[in-house]
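Work through these exercises with the structure open beside you. Try each task before you read its solution.

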Number of protein chains: 2
Amino acid sequence: MTVELISVGTELLLGNIVNTNANYLSVQCAKLGFSMYHQITVGDNEGRLAEAIKTAMNRADIIILTGGLGPTSDDITKETLAKVLGRELIMDEHSKKRILSYFERIYPDVNRNLPEGLAKITENNWKQALKIKDSIVIDNENGTAPGYIVEDKSKIFILLPGPPSEMIPMFENGMIPYLRKYQDKVFVSKMVKICGIGESKAETMIMDLINAQNNPTIAPYAKTGEVHFRVTAGADNYKDAEALIEPVINELKSRFGINIYTTSEDVTLEQAVIELLRRHKLTLSTAESCTGGLLSGRIVNVSGASDVFMEGFITYSNNAKIKYLNVDADILDKYGAVSEETARQMAKGCAKVSGCDVSVAVTGIAGPTGGSIEKPVGLVYIACHIKGKTVVSKRNFRGNREKIREQSVVAALDLVRRCVLETYEIS
Amino acid sequence: MTVELISVGTELLLGNIVNTNANYLSVQCAKLGFSMYHQITVGDNEGRLAEAIKTAMNRADIIILTGGLGPTSDDITKETLAKVLGRELIMDEHSKKRILSYFERIYPDVNRNLPEGLAKITENNWKQALKIKDSIVIDNENGTAPGYIVEDKSKIFILLPGPPSEMIPMFENGMIPYLRKYQDKVFVSKMVKICGIGESKAETMIMDLINAQNNPTIAPYAKTGEVHFRVTAGADNYKDAEALIEPVINELKSRFGINIYTTSEDVTLEQAVIELLRRHKLTLSTAESCTGGLLSGRIVNVSGASDVFMEGFITYSNNAKIKYLNVDADILDKYGAVSEETARQMAKGCAKVSGCDVSVAVTGIAGPTGGSIEKPVGLVYIACHIKGKTVVSKRNFRGNREKIREQSVVAALDLVRRCVLETYEIS
């Protein structure tokens with residue numbers, strides 16, 4: 001099956017928002033085994049939208065439209081599709097009830113004991129309860145505009161609201177179960193997530209597999225400081241698809257070894273690190289200079305991080321490094337704040353003061369200023385103190401201030417992961 | 001002038017990367033006063049790309065193509081456009097020299113004293129030095145693939161490399177100066193950035209201006225916890241355009257008052273806060289619980305933040321709040337870690353321990369677990385201590401863990417801003 005994506009919204013053409021929906025839906029369609037050859041963005045303009053729908057009908061089996069389902073007069077996706085297909089719009093009582101109860105939940109005083117409150121659900125909201133005759137209504141659990149599946153001769157139209165917080169859960173819960181029946185095969189995919197090897201090196205290491213790929217396919221996904229490979233296999237049933245994937249995953253595991261931190265799509269690096277620390281009942285503290293809190297901020301991304309992560313110091317000034325982490329003023333004088341020695345003392349000091357089992361420290365030059373020939377922008381020292389031992393990693397990152405700091409965070413998480421693995425799991 | 005954007009790359013259709021280029025170029029074209037009605041994404045496929053080019057030529061004056069200029073056999077944008085236009089590709093010696101010197105800069109040992117090194121610049125790299133005959137070559141300062149401007153009868157083609165780090169500087173430095181001559185007017189825009197008012201309330205406050213807009217136009221841009229309005233005016237010259245903008249900016253200033261933190265496009269909230277603190281020679285420290293370092297991480301986004309920002313504490317555990325910030329254990333027992341009292345003590349303690357002029361503290365429930373009826377997920381207390389006074393702001397944020405934490409960071413920066421303004425500038 002081929003899919004064409006039409007993103008509707010003048011705000012996209014003006015650049016008011018980034019079209020992350022297109023990215024999300026591309027990934028989902030690839031995972032379903034559908035081929036996508038065209039993505040179109042048009043504004044809230046009936047003529048151009050109708051034209052885009054007609055063009056898409058000539059070259060795709062499934063047409064996904066996002067946006068333009070809301071209450072305002074600019075929202076014309078449903079209306080335009082109805083015209084193109086020559087089908088009428090009718091009131092859907094079920095949607096009408098849901099819209100009312102949505103407003104009552106969000107604004108408890110709406111339409112209740114407030115004569116003037118009656119005006120609060122403005123008339124245009126009921127436009128959202130109109131559906132194309134004989135279409136399937138998909139409830140919106142996170143907003144007022146429902147989604148729709150419209151079957152028309154051999155074509156399928158999937159209509160989704162624009163806000164990602166409404167679109168994503170609706171696609172996952174309402175559309176994927178429907179679309180599965182159009183898969184000619186069952187697809188299973190696994191994600192191999194790698195840290196500590198650059199993208200081009202990682203690709204080179206499995207170039208023979210990538211070149212020979214057919215089923216399963218291996219697709220690289222770029223992420224700052226990480227490399228992800230999605231391995232996808234299609235077969236007549238899940239068991240066969242999984243059987244196709246397994247040897248490829250095992251091969252990747254044997255090639256990348258400790259560099260793989262997970263093979264689960266949903267597990268992030270910070271989750272893998274927290275999980276590893278939890279497994280060994282270890283507590284963690286952080287001492288950050290150039291990352292300035294981004295490392296701990298990322299650790300706290302993980303709900304339940306509080307079992308493991310106790311505290312962190314942002315010692316941006318030299319004085320703070322001395323005061324809180326007991327870094328030696330002489331060391332700072334002699335080697336500078338960005339040095340192996342300072343990183344080492346930061347991690348050791350942090351462990352001592354916090355009483356945590358593992359401490360990680362980051363100090364570096366994020367730029368754009370502050371670099372020199374000996375210590376260029378991008379030079380970062382990361383230290384991990386664990387069980388009386390301190391490991392320091394020296395890195396030279398490229399990119400702007402933001403990129404250097406992001407890469408430092410990933411490298412710090414990865415160093416903790418490696419140190420725990422080496423101390424507790426690899427002998 | 002109308003512009004059509006064609007993004008080329010199978011990696012976009014598979015969802016391997018988000019198309020942020022489309023967003024960037026949409027904004028730039030809007031600022032140039034060009035109209036964009038269609039954006040297309042196609043894969044690295046000659047037939048479909050040629051079709052997209054022909055379609056675009058039928059409906060736009062300027063066609064911007066991104067991606068597909070690299071060295072691999074998948075990169076076919078230039079080759080396909082040459083075929084569509086019936087023009088030949090010729091070697092550009094200038095580009096060839098630049099590519100060589102780029103490799104020499106990045107890999108100093110390439111092709112030098114290393115017989116086998118000769119193979120390091122692989123043959124396919126010279127493909128990047130081919131240009132469409134009589135086109136204008138735009139140097140790439142951040143990579144090997146140059147960009148091009150191709151004039152063909154009444155149409156203009158702008159070819160840009162795909163990586164944003166190469167594309168953006170090239171568009172700014174190489175393409176905008178060229179495109180300016182196709183502006184029928186001169187456009188000037190200013191950005192009014194607002195914090196502390198929700199998007200729908202902010203729009204309502206100026207709905208009369210938005211409805212009446214024509215020249216200047218007012219366009220809202222969404223950003224977590226902030227509202228931005230871009231005001232753009234077109235005129236025959238800069239002076240006239242600026243004269244058109246000025247009264248609108250003044251009107252927005254009078255309506256939004258202290259809620260506006262800048263009217264400069266390039267200034268972020270954290271920059272505005274750092275600048276304000278620097279102006280009053282004030283130092284800052286942070287104490288974070290639920291944001292776990294994101295607040296300080298964002299402050300350190302600003303190069304040169306070290307003049308102002310000294311240190312931060314991530315007191316994720318209760319014990320850390322007591323140990324470092326001298327929060328009273330009884331207060332934690334009686335009111336809980338997420339309470340006005342705890343936030344107040346965190347900010348006061350942080351100021352005392354750090355010796356900074358201003359301290360800001362955040363404690364809240366980011367979820368998804370940990371909420372209760374009295375203290376629901378999204379409840380966040382933010383406290384700012386300044387000149388012996390502590391102000392506490394209670395907020396109820398909506399959204400997932402990430403959104404709640406991001407909104408908390410923005411609210412904390414905004415509270416610092418307001419407290420400094422009220423203490424030092426508004427009497």
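**Exercise 1.** In the predicted model, find how strand 13 (residues 284-288) of chain B pairs with strand 14 of chain B, and trace the chain between them.

Solution.
- Step 1: Take the direction. Strand 13 and strand 14 of chain B pair in the parallel sense, over 5 bridges.
- Step 2: Pick one bridge. B:S285 has B:E311 as its partner in strand 14 of chain B.
- Step 3: Follow the path. From strand 13 of chain B the chain goes through helix 11 (residues 294-299) of chain B and on to strand 14 of chain B. This β-α-β crossover is right-handed.
- Step 4: Check the cover. Strand 14 (residues 309-315) of chain B is mostly covered, with 7 of its 7 residues buried. Buried here means under 20% relative accessible area.

**Exercise 2.** Strand 14 of chain B also pairs with strand 14 of chain A: is the sense parallel or antiparallel?

Solution.
- Step 1: Recall the options. Strands of a sheet pair through backbone hydrogen bonds, in a parallel or an antiparallel way.
- Step 2: Read the sense. Strand 14 (residues 309-315) of chain A and strand 14 of chain B are antiparallel, with 5 bridges.
- Step 3: Name a pair. A:E311 has its bridge partner in strand 14 of chain B, and that partner is B:T315.

**Exercise 3.** Write down the strand order of the sheet that holds both copies of strand 14, then find its edges.

Solution.
- Step 1: List the order. The open sheet has 10 strands: 17(A)-16(A)-15(A)-13(A)-14(A)-14(B)-13(B)-15(B)-16(B)-17(B). Its pairing is mixed.
- Step 2: Find the edges. Strand 17 of chain A and strand 17 (389-396) of chain B each have a single partner strand, so one side of each has no neighbour in the sheet.
- Step 3: Look at the turn. Neighbouring strands of this sheet are turned by 10 degrees against each other on average, direction ignored.
- Step 4: Test one more pair. Strand 15 (residues 358-364) and strand 16 (residues 379-386) of chain B run antiparallel and are joined by 7 bridges. B:A361 has B:A383 as its bridge partner in strand 16 of chain B.

**Exercise 4.** Place helix 15 (residues 401-425) of chain A against strands and against helix 10 (residues 269-279) of chain A.

Solution.
- Step 1: Start with the strands. Helix 15 of chain A lies across strand 15, strand 16 and strand 17 of chain A. The helix runs at about 30 degrees to strand 16 of chain A.
- Step 2: Turn to the helix pair. Helix 10 and helix 15 of chain A pack at an angle of about 30 degrees, and their axes are 10 Å apart.
- Step 3: Classify the angle. Angles under 35 degrees count as roughly parallel, so helix 10 of chain A is roughly parallel to helix 15 of chain A.
- Step 4: Name contacts. Among them are A:V273 and A:L277 of helix 10 of chain A, and A:L413 and A:V420 of helix 15 of chain A.
- Step 5: Give the hand. Helix 10 of chain A passes helix 15 of chain A in a left-handed crossing.

**Exercise 5.** Which hand does the crossing of helix 2 and helix 6 of chain A have?

Solution.
- Step 1: Take the geometry. The axes of helix 2 (residues 20-32) and helix 6 (residues 164-179) of chain A come within 11 Å and cross at roughly 20 degrees.
- Step 2: Classify. Helix 2 and helix 6 of chain A are therefore roughly parallel to each other.
- Step 3: Give the hand. Helix 2 of chain A passes helix 6 of chain A in a right-handed crossing.
- Step 4: Name contacts. They include A:Y24 and A:L25 of helix 2 of chain A, and A:I168 and A:F171 of helix 6 of chain A.

**Exercise 6.** Find backbone exceptions in the loops.

Solution.
- Step 1: Know the rule. Most residues other than glycine have a negative phi, and most peptide bonds are trans.
- Step 2: Check phi. A:K387 is not a glycine, yet its phi is positive, about 50 degrees. A:K387 sits in the loop between strand 16 and strand 17 (389-396) of chain A. Its relative accessible area is 62%, so A:K387 is exposed.
- Step 3: Check a peptide bond. The bond from A:N215 to A:P216 is cis, with omega near 10 degrees. A:P216 lies in the loop between helix 8 (207-212) and strand 10 (217-223) of chain A.

How values were computed. Residues are numbered from 1 along each chain as its sequence is written. Chains are lettered from A and ligands numbered from 1 in the order in which they are written. This is a predicted model: local features need pLDDT of at least 70, side-chain atom pairs count only at pLDDT 80 or more; totals for chains, interfaces and linings use all residues. Side-chain values use heavy atoms; hydrogens and water are left out. Buried means under 20% relative accessible area, exposed over 50%, partly exposed in between (1.4 Å probe, protein chains only). Helices (H or I, at least four residues) and strands (E, at least two) are DSSP runs, numbered from the N terminus. Two strands pair if DSSP finds at least two bridges between them. A crossover is right-handed if, with the strands pointing away from the viewer, the path from the first strand over the helix to the second runs clockwise. Axes are lines fitted to C-alpha atoms, for helices over the stretch in contact, and angles run from 0 to 180 degrees between N-to-C directions. Angles under 35 degrees count as roughly parallel, over 145 as roughly antiparallel, 65 to 115 as roughly perpendicular and the rest as oblique. A crossing is left-handed if the near helix is turned anticlockwise from the far one by less than a right angle, and right-handed if clockwise. Contact means heavy atoms within 4.5 Å.
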